[in-house]
Amino acid sequence: MSFFGLDWTRKKEKEVERKIRANDREYNSSFKYATNAIQTSKYNIITFLPLNLFEQFQRIANAYFLFLLMLQVIPAISSLSWFTTVVPLVLVLCMTAAKDAIDDIHRHRSDRQVNNRKVNVLINGKLVSEKWMNVQVGDIIKLENNQFVTADLLLLSSSEPLNLVYIETAELDGETNLKVKQSLTLTGDMTDNLEALSAFNGEVCCEPPNNRLDRFTGTLTCGTQKHSLDNERILLRGCTIRNTDWCFGLVLFAGPETKLMQNCGKSTFKRTSIDRLMNVLVLFIFGLLALMCIILAVGNAIWEYKEGSKFTVFLPRDQNKAFSAFLTFWSYIIILNTVVPISLYVSMEVIRLGNSYYINWDRNMYHARSDTPAEARTTTLNEELGQIKYIFSDKTGTLTQNIMTFNKCSINGQCYGDVIDHYSGQRLEITEEMTPVDFSFNRLADSKFLFYDHSLLEAVKLESPEVHAFFRSLALCHTVMAEEKKEGDLVYQAQSPDEGALVTATRSFGFVFRSRSPETVTIEEMGIQRSYELLAILDFNNVRKRMSVIVRNPEGKLTLYCKGADTLIYERLDPSCSKLMEATTEHLNEFAGEGLRTLVLAYKDLDEEYFSEWKQHHHEASIALEDREEKLDKLYEEIEKDMLLIGATAVEDKLQDGVAQTIEQLTKAEIKIWVLTGDKQETAENIGYSCNLLREEMNKVFIVAANSPKEVRQELRDARLKMCPTTEQDKFLIPETILGNTPKVVEDEHANGDYGLVINGHSLAFALESSMELEFLRTASMCKSVICCRVTPLQKAQVVELVKKHKKAVTLAIGDGANDVSMIKAAHIGVGISGQEGMQAVLSSDFSFAQFRFLQRLLLVHGRWSYLRMCKFLRYFFYKNFTFTFVHFWYAFFCGFSAQTVYDEGFITLYNLVYTALPVLGLSLFDQDVNAGWSLEFPQLYVPGQLSMYFSKRAFMMCALHSCYSSLVIFFVPYVALYDTARSDGRDGVDYQSFALITQTCLTVTVFFQLSLDLSYWTVVNHLFVWGSLGMFFILTFTMYTDGLFRIHPPSFAFIGTARNCLNQSSVWLTVALTAVLCVLPVLAYRYLCSQISPTINDKVRYKVHQTKEPAPRPRRTKLIRRSTRRSGYAFSHAQGYGDLVTSRRFLWRPQPARSTGVTPTGRSPGFKPTGRSAGYSPAGREQNPKQKVEPTSLQMFRAVKDSSF
């Protein structure tokens, strides 16, 4: 049963193991497994009103005002009408309910979009199109190419040979390379035979739902046969089927029980730092209110004791002084309630909504190419954007574009890829006007491949032996699979996008990889087809950081081709290559300086007799039961020596536009950036250097890659001592108590330089253990930047939670895939990028846009402005309301503590809702200290927000003291100035009503003067709001004090004629002016002295802007060039063991159509000009994101991943 959306049913017992029977819904339903429906919405039509009101009255302020309303209906207590409270309360509840309803409608729409997707389900021997939400555990479903995987499935069969399926897992782990899954032979034999699939009644016994993406254990029982199941048989929700016509799968986990959803983390209600501070301040204000009311109640008891008996003749009443004091206490609770004004919450909602629209309307954050504007998906977190201290970013698709480009190469000491001016000899920057290399001579060239250095193609056509050897090595030494479904239409499937980019470039230069079998590799060299016998693949692993192939060419010559990390290849080269090594090293340094990922190529001719002996040893090692890996590595080392250097390649993992500039700006704003990626260490390091997250100028970049908790702890400790030798072991926690809780807050420690930290997923798992997490956080927070590699989605969330829990800092997580959802939900602010990995991150985010570079504008402009405006609003709001309320307090000492109000009831009702509402909204919606251009020019302006300098407990206390002073001036200056005075006609100068009018006029004018001082940026709207509201005060005052309204309802309009009789005296206006001047003069003096003695960064920048008298600078988009002596490691990201898969007989491709071996006669095309670079590659081999047509640029590359949108 569900009541108000809360589930009161008995909690489901924890599942120990899962039992599933194929095609048996009745059996499976007995276990009450979750359906495939996803629900992220909170309300429905029935539960919205009660549940929303229940949530709203959990706010202390709303409950407080409801309590006040109940008090005001008691005549013995209330001296104010009930409408003074009920009107603002209803307004607040309605506005908040409307906003919550709109947000939940969006969640319902996104839920329906996912749940209503269609998939073919096998029911009663027929394929029926069903909605995702109707799919159940135990169903057999059919998926087709480019479809999303509906649920976690056991792969049964597929259209590919040996029942292979190619999947893209970018949604799960951020990796764009394709992965291979294979079904059991038992189920694969059913192919697409619906009768056999319908009759299949196998039973699966497997692990319960969990969040481990890399592990699965289970068994399939079919008849008397039992087969083990592992992760290689499982298709997970969030993956996309690629290059596979169809496949069938058995649903194991559905909906919220899928591994993807288990990794998404819980949705939490996010509140800003200001909201949390406000809760503390509201408690303080309640205490202050109670204290004032107690003082006044005691004063009433004393007054009743000393003076009260004198009035019993005129006002007969009970003489119970204690009861009188009790009633007075509650009466003043009502009168002084404006110290916690409900209109504060109305105004905060309006301000946040307005600043959210500024983000939505910002044209500078609109991405025209994908037609994607920025979107504030929540309206409650804007000011938090101005306090970010830590940014946690995904890499793939967030910092990078998922584009691999072949940019340059070094062959036999000659560098290719640069554009050289033949007149000046200077290197030119590539532009769209330059003519790319014409590959029309090659009918198999990739049409999307662009390269600009014509000299490389000339060297190929001139049959340079070194250049041919270079491309032949690239065409043979890889694990790419080729498929040609029609003549000339080659599709490459690569485990590594880098390999795919290299093979695609090689293809265009005339060395076309056509096909492979377990024993052969067929390539086409300048139009001539040649088949090489594949004798061995010496596979890649993280220690070797290289791979080799041994082939026999058609002439019978044996050759070993090797490629890998430069340092490891250099150690194994023949001494005769020393001079060539020097030239190649110079080129490698240049490539690395540009942030390119480098590889070195080498070869070795083998003796037939030696190889036969080595192959025998290799066979023995490969079947050894003990120390197999060590024996194989020893054999690999033996044959991979005395090689000859061929050259080097340079591949760019292309960054998104403006990433390096954005990171540089955010770093200047004292924001620390941590990259949490599923990619391997070398890939992440390369990107770190490319985007200036890691820099050569750093004192040191620490690498933590230990394999035991003890080693990880020691490496972290050594790194910390290196950064700060004087650091103490235990004294790093700040004792802080918040509402009775004492969290461990890690103190900021300062390093003696700039440092970076790179930690892999294995070490991170140890570092996140409770016994070591503070050690890790302490070390990491001393570094300028941190990169965590090979992390799971759950680990990303754990890192974010660790920083949130133990650092007094605001965090932001940004990503573009489903693997980023958990950290987006965990961070204070979640930002989704609508990129190539689907919309799951966007749907879970608080803000979204299309490019990482927009983050600097979101934070440095919108975030800083929002925070500054909210802080100004709060300071001013508390000032004007405290001043308003304290005047009541002083008046109580002159009215016998009778709970009489110093102001007219109409003024009390309209003060916050009409007179001061619009001016303060104008301040908080349009004010800015400097404009957007200067905000980006001086990122240091962002730092005060991180330190909460604009609004804090101290600022609140200063505001309260300022209000106390102003209230004293506003009450006593009119009191003293007009005490015992007479008018020109001989009548008394003031009575109670006149004094009330003068006091409220002084108050209104003073708060408007203060607002004028706080405004930094006057607009037409501000002028209209300020002067219009001031005019409205006088208009309504004269209107409410007229004879006509008095006749309509005398009790509500008792101040008849007061304005007309009072405000025509010059002494009154002089009193108002004197009061206003005395209130603002100390403020002016204090601000002037502060700006002269201790100016803030805002003061300095505003002074500089005022001095320059120039328009704001335009954002700079200069290209950062990094020069470095660092060279990258092995540039590939494919998994160890893929070579074994290639040489096995698991890849048996369909017969290929007959191919022509000739080529068009070579020769220069009419547009043949000497110029320089670039190529792109996609493992899917098809156009990226077919829904969106993108205008090509001069550096257009083919994306490594197609668009996926879950």
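Residues 955-978 run as helix from end to end: the stretch is 100% helix and 0% strand, with its end C-alpha atoms 35 Å apart. Keep in mind that this is a predicted model. Residues 990-1012 look a little less uniform, at 91% helix and 0% strand, and here the end C-alpha atoms sit 30 Å apart. Both stretches appear in an unreviewed UniProt entry, which lists them under "transmembrane region" along with 280-303, 323-346, 1024-1046 and 1067-1089.

Now for how two of the helices pack. Two packed helices are described by the angle between their axes and the distance between the axes. Take helix 9 (residues 273-306) and helix 32 (residues 953-978): their axes come within 11 Å and cross at roughly 40°. That angle makes helix 9 oblique to helix 32, and the crossing is right-handed. If you want to find the contact on screen, look for Leu277, Val280, Leu281, Phe284 and Ile285 on the helix 9 side, meeting Lys953, Phe956 and Met957 of helix 32.

Next, the charged pairs. Side chains of opposite charge can pair when their charged atoms come close. Searching the whole structure turns up 38 salt bridges, and a few of them are worth a visit. Start with arginine 242 and glutamate 168, whose closest N and O atoms are 3.1 Å apart. Arginine 242 belongs to strand 14 (residues 240-242) and glutamate 168 to strand 8 (residues 164-168), so this salt bridge ties together parts that are 74 residues apart in sequence. How buried or exposed is this arginine? Arginine 242 has 2% relative accessibility, so it counts as buried. Glutamate 168 is buried as well, at 2% relative accessibility.

Glutamate 524 and arginine 443 make another salt bridge, with 4.0 Å from N to O. Glutamate 524 sits in strand 25 (residues 520-525), while arginine 443 is in the loop between strand 21 (427-428) and helix 12 (454-461), so the pair ties together parts that are 81 residues apart in sequence. The two ends of this bridge have their own surroundings: glutamate 524 is buried at 2% relative accessibility, whereas arginine 443 is partly exposed at 35%.

For a bridge between helices, go to glutamate 775 and arginine 717, paired at 3.6 Å, N to O. Glutamate 775 is in helix 23 (residues 773-780) and arginine 717 in helix 21 (residues 709-723), distant parts of the chain that lie 58 residues apart. Here glutamate 775 counts as buried, with 8% relative accessibility, and arginine 717 counts as partly exposed, with 24%. Some salt bridges also share partners: Arg546, Glu571, Arg572, Glu637 and Glu640 are joined that way into one network.

Finally, the backbone. Which value does phi take at asparagine 23? Phi is near 60° there, a positive value in a residue other than glycine. Asparagine 23 is found in the loop between strand 3 (18-21) and helix 1 (25-29), and it is partly exposed, with a relative accessible area of 31%. Asparagine 692 also has a positive phi, near 65°. Its place is the loop between helix 20 (681-690) and strand 32 (700-704). With a relative accessible area of 18%, asparagine 692 is buried, because the cut-off for buried is under 20%.

Notes: Residues numbered from 1 in each chain as written. Predicted model: local features only at pLDDT ≥ 70, side-chain atom pairs only at ≥ 80, totals over all residues. Heavy atoms only, no water. UniProt positions renumbered as here; feature names shortened; annotations may be inferred. Helix = DSSP H or I, 4+ residues; strand = E, 2+ residues; numbered from the N terminus. Salt bridge = Lys/Arg side-chain N within 4 Å of Asp/Glu carboxyl O. Buried < 20%, exposed > 50% of the residue type's maximum accessible area, 1.4 Å probe, protein only. Axes fitted to C-alpha atoms, helices over the stretch in contact; angles between N-to-C directions. Parallel < 35°, antiparallel > 145°, perpendicular 65-115°, else oblique. Left-handed = near helix turned anticlockwise from the far one by under 90°. Contact = heavy atoms within 4.5 Å.
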